[in-house]
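Reader: Could you take me through one part of this structure slowly, as you would for someone in their first year? I would like a close look at the sheet and what packs around it.

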Amino acid sequence: MTVARGDAAPDTVHTPLGVLGLAVCYDVRFPEVAQHLRRRGAQLLCYPSAFTQTTGAAHWELLLRARAVESQAYVVAAAQIGRHCAGRVSFGDAMIVDPWGTVVARCPRTLDEPTVALAEINLDYLDRVRREMPVFSHRRTDIFG
């Protein structure tokens, strides 16, 4: 398997749920990606992932909740589970996080059975969070880019 970095920033897609920002699992480590997608109008961020057991246990939920809070967006994080690719074992723990950083749905951590997480995506709530705590308009892009 070969993975290579892209040469352009990801974009958003208009969906019936709202404006979706698309990324991949490693992108969750870079807040700049989430901020870029938010500037492009993202209301939801999607991170399909295959975190390893080690990095998943240490960083997965922490990073997802951080991206949700700092971008004030829902985060939908599909997560591959179990053994695949020549013995690699993925952490799983798919979840949906609201813009306040609350995990509103999560799949049970299992290594042998796919599951589904469902949650309401409430864009009125999203707008209220953004209105009542307008951190995005307080960003100091003149200093920090």
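Author: Let's start with a single bridge: Ala77 has Met95, in strand 7, as its bridge partner. Keep in mind that this is a predicted model. Strand 4, residues 74-77, and strand 7, residues 95-97, run antiparallel and are joined by three bridges.

Now step back to the sheet that holds these two strands. Six strands form an open sheet in the order 1-2-3-4-7-8, and the pairing is mixed. At the edges stand strand 1 (12-15) and strand 8 (103-106); each has a single partner strand, so one side of each has no neighbour in the sheet. On average, neighbouring strands here are turned by 20° against each other, ignoring direction.

Next, look at the nonpolar packing. The largest nonpolar core has 22 residues, and those touching the most other members are Leu45, Tyr47, Trp60, Leu64 and Val75. Which elements give two or more residues to this core? They are helix 1 (31-39), helix 2 (53-71), strand 4 and strand 7, so our two bridged strands both appear in that list. Helix 2 contributes four residues, the most of these elements. A second core, separate from this one, has 10 residues, among them Leu20, Leu44, Leu126 and Val129.

Tyr47 is a good residue to click on. Beyond its neighbours within four places in sequence, Tyr47 is in contact with Trp60, Leu64 and Val75, and also with Ala77, the residue we began with, among others. Its contacts also include Ala23, Val24, Asp27, Val28 and Ala34.

Trp60 leads us on to the aromatic rings. Searching the whole structure turns up two aromatic pairs. In one of them, the ring centres of Tyr26 and Phe30 are 5.3 Å apart and the planes stand at 70°, so this pair is edge-to-face. In the other, Phe51 and Trp60 have ring centres 4.9 Å apart and planes at 55°, so this pair is tilted.

Are Phe51 and Trp60 buried or exposed? Both are buried. For the other pair, Tyr26 has 54% relative accessibility, so Tyr26 counts as exposed, while Phe30, at 35%, counts as partly exposed.

One more ring is worth finding. Arg38 lies over the face of Phe136, 4.2 Å from the ring centre.

Key
Residues numbered from 1 in each chain as written. Predicted model: local features only at pLDDT ≥ 70, side-chain atom pairs only at ≥ 80, totals over all residues. Heavy atoms only, no water. Phe/Tyr/Trp six-rings, centres within 6.5 Å; stacked < 30°, edge-to-face > 60°. Buried < 20%, exposed > 50% of the residue type's maximum accessible area, 1.4 Å probe, protein only. Lys NZ or Arg CZ within 6 Å of the ring centre and 35° of its normal. Pairing = 2+ DSSP bridges. Axes fitted to C-alpha atoms, helices over the stretch in contact; angles between N-to-C directions. Core = buried A, V, L, I, M, F, W, Y, C linked by side-chain atoms within 4.5 Å. Contact = heavy atoms within 4.5 Å.
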